[in-house]
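Here are my notes on this one, set out as numbered points. Have the model open while you go through them.

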Amino acid sequence: MILTSLTDEQKKILEELKTRPVTLDDECPELTAEQLKQFARVSEKNREERRKQTVTLRLSPQAVRTAKSLGNGYTSVLSRILENALTDAELIKHYL
């Protein structure tokens, strides 16, 4: 995902929102302290499951050039490609 800078108009809207009060309703009540603790526990568990590990991997020069041509975030793209490939038994069998 490519992030862009906010326009002046967007910045103005965000500044104006700072002064508006938060309005809760029946469909979106304020969370209790216990509910917030539950979110924190789930968040920590999810964070541990998503934590990436650093590994050393030898790639051909062509593979590196192709990957880097994807731009920023190419290592994340490679990670997703590898994850998908490793779930395909036929593909694994083909390259063994």
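1. A word on classes before the pocket comes up: Ala, Val, Leu, Ile, Met, Phe, Trp, Tyr, Cys and Pro count as nonpolar, Asp, Glu, Lys and Arg as charged, and the others, Gly among them, as polar. On that scheme, the lining of the largest pocket splits into 16 nonpolar, 6 polar and 4 charged residues. Keep in mind that what we have here is a predicted model.

2. How big is the largest pocket? Its volume comes out at about 1,100 Å³. A total of 26 residues line the largest pocket, and those nearest its centre are Leu 57, Thr 75, Leu 78, Ser 79 and Leu 82.

3. Which elements give two or more residues to the lining of the largest pocket? They are helix 3, helix 4 (74-86) and helix 5 (89-95). Helix 4 is the top contributor, giving 10 residues to that lining.

4. Tyr 74 also belongs to helix 4. Tyr 74 has a relative accessible area of 25%, so I'd call it partly exposed; the band for that label runs between 20% and 50%. If you want a distance to check, the C-alpha atoms of Tyr 74 and Val 64 are 9.7 Å apart, with the two positions 10 residues apart along the chain numbering.

5. On the outside, have a look at the nonpolar surface patch: Val 55, Leu 57, Leu 59, Leu 78 and Ile 81 make it, and it covers about 470 Å². Leu 57 and Leu 78 should ring a bell, as both are among the residues nearest the centre of the largest pocket.

6. Where does Leu 59 lie? You'll find Leu 59 in the loop that runs between helix 2 (33-50) and helix 3 (61-68). Leu 59 has a relative accessibility of 43%, so it counts as partly exposed.

7. How many salt bridges does a search of the whole structure find? Just 1 turns up. As background, side chains of opposite charge can pair when their charged atoms come close. Here the partners are Glu 15 and Lys 18, whose side chains meet at 3.1 Å, N to O.

8. Are the two partners buried or exposed? Glu 15 is partly exposed because its relative accessibility is 47%. Lys 18, at 63%, counts as exposed, since that label needs over 50%.

Conventions: Residues numbered from 1 in each chain as written. Predicted model: local features only at pLDDT ≥ 70, side-chain atom pairs only at ≥ 80, totals over all residues. Heavy atoms only, no water. Patch = residues over 30% accessible without salt bridge, like charges linked within 9 Å, V, L, I, M, F, W, Y side chains within 5 Å. Areas by Shrake-Rupley, 256 points an atom, 1.4 Å probe, with all protein chains shown as cover. Salt bridge = Lys/Arg side-chain N within 4 Å of Asp/Glu carboxyl O. Helix = DSSP H or I, 4+ residues; strand = E, 2+ residues; numbered from the N terminus. Buried < 20%, exposed > 50% of the residue type's maximum accessible area, 1.4 Å probe, protein only. 1 Å grid on protein atoms, 1.4 Å probe; cavity = no way out; pocket = protein on both sides within 12 Å on 5 of 7 lines; lining within 4 Å. Points joined across faces, edges and corners; volume = space filled by probe spheres on them.
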